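User: I'm new to this structure and would love a close look at one part of it. Could you pick a single helix and walk me through its surroundings?

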Amino acid sequence: QFTQQAAAGGSLEGGGASSGEGTAKVEEVEDDDGEVDDSGIEPKDIELVMSQVQCTRSKAVAALKANNNDIVEAIMQLSSS
């Protein structure tokens, strides 16, 4: 099971070392459930990331885009932030 630090932790930016070299930083996006540009990303992938790390849709989309639609990397990035 993945930790739910993202649900309890807050923002994606800030201090703290990343767990891997060369990992892309998720740019800060609005946290409301407004329109998110999810073009090029499968809706089921977004839902999977959201359910695993208990994050907003916008954070899931940003993480998937930053990790070239790699679901595992997106989940790991959100879990460690």
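**A close look at helix α3**

Analyst: Helix α3 is mostly covered, with seven of its 10 residues buried. Those buried residues are Ser58, Lys59, Ala60, Val61, Ala62, Ala63 and Leu64. Please keep in mind that this is a predicted model.

Let's set the scene before going further. The chain contains four helices and zero strands, and reading along the sequence gives the pattern α-α-α-α. Across the chain's 81 residues, 27% are buried. Of the contacts between residues at least 6 apart in sequence, 55% link residues at least 24 apart.

What covers the buried residues of α3? The cover includes α2 and α4, so let's take these two neighbours in turn, with a general idea to help: a pair of packed helices is described by the angle between their axes and the distance between those axes.

We can start with α2. The axes of α2 and α3 are 9 Å apart, and the two helices pack at an angle of about 110°. An angle from 65 to 115 degrees counts as roughly perpendicular, so α2 and α3 are roughly perpendicular to each other. The crossing in which α2 passes α3 is right-handed. On the α3 side, the residues that meet α2 are Arg57, Ala60, Val61 and Leu64. Their partners in α2 are Asp45, Ile46, Glu47, Val49 and Met50. Sorted by class, this contact of α2 with α3 has six nonpolar residues, no polar ones and three charged ones.

Now for α4. The axes of α3 and α4 come within 8 Å and cross at roughly 120°, and α3 and α4 are therefore oblique to each other. This crossing of α3 and α4 is right-handed too. Here α3 uses Lys59, Ala60, Ala63, Leu64 and Ala66, which meet Ile71, Ala74, Gln77 and Leu78 in α4. The contact of α3 with α4 divides into seven nonpolar residues, one polar and one charged. Ala60 and Leu64 appear in the contact with α2 and also in the contact with α4.

The two neighbours of α3 also pack against each other. Helix α2 (residues 43–53) and helix α4 (residues 71–80) have axes 10 Å apart and make an angle of about 30°. The pair α2 and α4 is therefore roughly parallel, and α2 passes α4 in a right-handed crossing. From α2, the residues Asp45, Leu48, Val49, Gln52 and Val53 meet Ile71, Ala74, Ile75, Leu78 and Ser79 of α4. Seven nonpolar, two polar and one charged residues make up this contact of α2 with α4.

With the three pairings in place, we can look at what they share. In soluble globular proteins, nonpolar side chains tend to be buried together. In this model, the largest nonpolar core has 12 residues: Ile41, Ile46, Val49, Val53, Cys55, Ala60, Val61, Ala63, Leu64, Ala74, Ile75 and Leu78. The elements that give two or more residues to this core are α2, α3 (57–66) and α4. Helix α3 gives the most, with four residues. Ile41 is one of the core members, and setting aside its neighbours within four places in sequence, Ile41 is in contact with Ile46, Val61, Leu64, Lys65 and Asn69.

Finally, let's follow the chain out of α3. Asn67 lies in the loop between α3 and α4. Buried means under 20% relative accessible area, so Asn67 counts as buried at 13% relative accessibility. Not counting residues up to four places away in sequence, Asn67 touches Glu73, Ala74 and Gln77. Just after α3 we also find Asn68, which takes a positive phi of about 50°. Asp70 sits in the loop between α3 and α4 as well, but with 33% relative accessibility Asp70 counts as partly exposed. The C-alpha atoms of Asp70 and Asp45 are separated by 9.0 Å, although these residues are 25 apart along the chain.

To sum up, α3 is mostly covered, α2 and α4 are among what covers its buried residues, and α3 gives the most to the largest nonpolar core.

Definitions and conventions:
Residues numbered from 1 in each chain as written. Predicted model: local features only at pLDDT ≥ 70, side-chain atom pairs only at ≥ 80, totals over all residues. Heavy atoms only, no water. Axes fitted to C-alpha atoms, helices over the stretch in contact; angles between N-to-C directions. Parallel < 35°, antiparallel > 145°, perpendicular 65-115°, else oblique. Left-handed = near helix turned anticlockwise from the far one by under 90°. Contact = heavy atoms within 4.5 Å. Nonpolar A, V, L, I, M, F, W, Y, C, P; charged D, E, K, R; others polar. Core = buried A, V, L, I, M, F, W, Y, C linked by side-chain atoms within 4.5 Å. Buried < 20%, exposed > 50% of the residue type's maximum accessible area, 1.4 Å probe, protein only.
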